[in-house]
Amino acid sequence: MADKHTVLKVENLSVNYGYISALEGISLHVDQGEIITLIGSNGAGKTTTLMSISGLAAKAEGTVWFKGENITKMAPDRIVKMGMCHVPEGRKIFPALSVYENLIAGSLGNPSLTKNRIQELIEEQYRLFPRLKERIGQAGGSLSGGEQQMLAISRGLMMDPDIVMLDEPSLGLAPIIVEDIFELILKIRDMGKTILLIEQNASMALSIADRGYVLENGRIIMEGKGRELLADPKVKAAYLGA
Ligand SMILES: Nc1ncnc2c1ncn2[C@@H]1O[C@H](COP(=O)(O)OP(=O)(O)OP(=O)(O)O)[C@@H](O)[C@H]1O
Ligand SMILES: [Mg+2]
């Protein structure tokens with residue numbers, strides 16, 4: 001479509017770990033302002049997909065385009081500077097640093113940010129995550145699981161990225177906190193960000209996503225609008241416990 005532009009495009013991507021093939025020629029694309037979800041069970045290759053997009057896992061084959069530039073062989077720190085944020089699985093925040101210091105650490109990913117812009121971004125985080133504002137001096141490691149996940153996302157937003165890639169943000173959290181996280185993802189999109197969301201919680205992910213891809217054993221076996229996939233009998237049986 002003429003009015004949309006593609007932020008991220010993955011073409012025929014394959015990744016091997018030694019003799020093990022983790023991804024076998026997957027292709028996907030994420031357009032400006034979309035929430036795209038990639039769902040799949042344990043070991044399907046979801047984390048590997050994000051790691052290889054952000055330059056953290058070696059690609060055996062395929063091409064990754066970000067904002068029109070071929071980033072297939074680019075170093076991870078340069079990809080970050082281009083505006084790609086990867087919030088990893090398992091909330092890897094800095095446990096010994098305070099909430100505030102974790103946020104500042106996030107801003108260091110983007111050297112073009114001015115002091116004023118960093119201050120604006122901090123204020124933005126306070127609005128998005130009032131719970132973090134209340135705990136600004138507390139050590140990251142002493143936050144609850146849900147708060148740590150929020151801090152991990154917030155730290156990523158501090159680099160003012162164009163795309164936010166989230167690896168299973170709902171993992172291990174109580175249902176009520178999971179709802180908060182998904183609401184937040186919608187808010188982040190409304191702030192103008194593009195989102196690639198990896199999830200095992202297929203029903204929540206598909207219900208907020210514009211489009212989704214289903215990953216099974218390193219291959220994309222289905223794709224479609226979030227609502228269509230939610231209603232699909234095969235998806236229901238395999239991923240929605242129906
Ligand atoms: N560093 C590694 N060395 C060898 N094999 C790996 C490595 N990382 C992942 N794998 C394998 O690659 C496959 C895909 O793993 P990946 O972590 O991408 O799955 P996932 O979909 O994120 O699963 P989960 O939902 O459990 O996080 C798995 O079979 C896994 O064992
Ligand atoms: Mg994973």
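I count a polar contact as a pair of N or O atoms within 3.5 Å, where, within protein, one must be able to donate a hydrogen and the other to accept it. The model I am reading is predicted.

**Entry 1: the domains.** I looked up the domain assignment, which splits the protein into domain 1, made of 1-83 + 162-242, and domain 2, spanning 91-161. Taking the centres over C-alpha atoms, I find domain 1 and domain 2 separated by 23 Å.

**Entry 2: extent of the interface.** I then asked how many residues of each domain are in contact with the other. I noted 20 residues on domain 1 and 15 residues on domain 2. The area that the two domains bury between them comes to about 1400 Å², and 74% of it lies on carbon and sulfur atoms.

**Entry 3: polar and charged pairs.** Across the interface of domain 1 and domain 2, I find two residue pairs that meet the rule for polar contact, both at pLDDT 80 or more. For salt bridges between the two domains, my count is one. Asp160 and Lys193 form a salt bridge, in which the closest N and O atoms lie 3.0 Å apart.

**Entry 4: the side of domain 1 that touches domain 2.** Which elements each supply at least two residues here? I list α2 (76-81), β7 (163-167) and α7 (175-190), and I note that α7 gives the largest share, with six residues. Sorting the residues of this side by character, I obtain 12 nonpolar, two polar and six charged.

Technical notes: Residues numbered from 1 in each chain as written. Chains lettered and ligands numbered in written order. Predicted model: local features only at pLDDT ≥ 70, side-chain atom pairs only at ≥ 80, totals over all residues. Heavy atoms only, no water. Domains from an automatic or database assignment. Contact = heavy atoms within 4.5 Å. Buried area = accessible area lost by both parts, 1.4 Å probe. Salt bridge = Lys/Arg side-chain N within 4 Å of Asp/Glu carboxyl O. Polar contact = N/O pair within 3.5 Å; in protein donor to acceptor, adjacent residues only side chain to side chain. Helix = DSSP H or I, 4+ residues; strand = E, 2+ residues; numbered from the N terminus. Nonpolar A, V, L, I, M, F, W, Y, C, P; charged D, E, K, R; others polar.
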